[in-house]
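Q: Please take a close look at the second largest pocket, and then at the packing and the cysteines.

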Amino acid sequence: MSMFHDMAFTPLTITTQGEYNVRVDSIRIDSQLLTPPTQTKPWSSEDTEAGGTTISTSTPYMVLQSFIFEAFTQRFAHQIPEEVKVEPVAPFTLCCDANKASKFPKVEFVMDRPNGPAFKFSGEDLMVQVRPGVKCLAVINGGLQSKAPITIGARQLEEKLLVFDLARSRLGFTTKPALNFKCANLFNFPNA
């Protein structure tokens, strides 16, 4: 299957609590670099016990520390026409009329180093339908004391093919979007 030929790998560490961490070098929203509000890159902590980017299937949505959250949601919102925005639905802060919004910004996490492989999220990966006709940006403000600067949650991991290569301490992920790809198509489960 060509899907496996389009995989990139990035270093993976495991914390003493058993969490999987990777290093994000930069974030782009619709190809524009997201500039952090501090001189350092707050999402790329070298100390994986104290930060880094956590991959978590037990966290429902992406969680960002406050200063990253503010910069991220402002840039994301700037790419969406005002006329499609609607009253936010808690715990989300940016919601849209799904019948009027035709597309949402794409996000790339550039992994490990400048010009490293990009972990890509389509606009749909980042949105969640909260009620009929309303979609919200599925990103939560983790406050200043969140465990990691970035936690990539289950919503953003849906339909992503990830390879946890623990023997080589690396995470593999697909670098190209796959049209009509569903993870369930990789396996042949008999009807129950």
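A: The second largest pocket has a volume of about 280 Å³; a pocket here is an open set of points on a 1 Å grid over the protein atoms alone, where a 1.4 Å probe fits, with protein on both sides within 12 Å along at least five of seven lines. Its lining holds 15 residues, and Ser102, Lys103, Phe104, Pro105 and Gly123 are the closest to its centre. The model is predicted, with local features needing pLDDT of at least 70 and side-chain atom pairs pLDDT 80 or more, while totals for chains, interfaces and linings use all residues. Side-chain values use heavy atoms, without hydrogens or water, and residues are numbered from 1 along each chain.

Phe104 and Pro105 are also among the contacts (heavy atoms within 4.5 Å) of Phe76. In the largest nonpolar core (buried nonpolar residues joined through side-chain atoms within 4.5 Å, buried being under 20% relative accessible area with a 1.4 Å probe), Phe72, Phe76, Val107, Phe109 and Phe119 touch the most other members of the 37. Helix α1 (66–78) is one of the contributing elements, and α1 gives the most, with 6 residues. Apart from this core lies another, of 9 residues, including Cys95 and Cys136.

A disulfide (cysteine sulfur atoms within 2.5 Å) joins Cys95 to Cys136, S to S 2.0 Å. The torsion about that S-S bond is about 100°, so the disulfide is right-handed. Cys95 lies in strand β9 and Cys136 in strand β13, so the pair ties together parts 41 residues apart in sequence. Cys96 is in no disulfide; the nearest cysteine sulfur, that of Cys95, is 7.2 Å away. Cys96 counts as buried, at 0% relative accessibility.

Notes: 1 Å grid on protein atoms, 1.4 Å probe; cavity = no way out; pocket = protein on both sides within 12 Å on 5 of 7 lines; lining within 4 Å. Points joined across faces, edges and corners; volume = space filled by probe spheres on them. Buried < 20%, exposed > 50% of the residue type's maximum accessible area, 1.4 Å probe, protein only. Helix = DSSP H or I, 4+ residues; strand = E, 2+ residues; numbered from the N terminus. Lists of a residue's contacts leave out its neighbours within four places in sequence.
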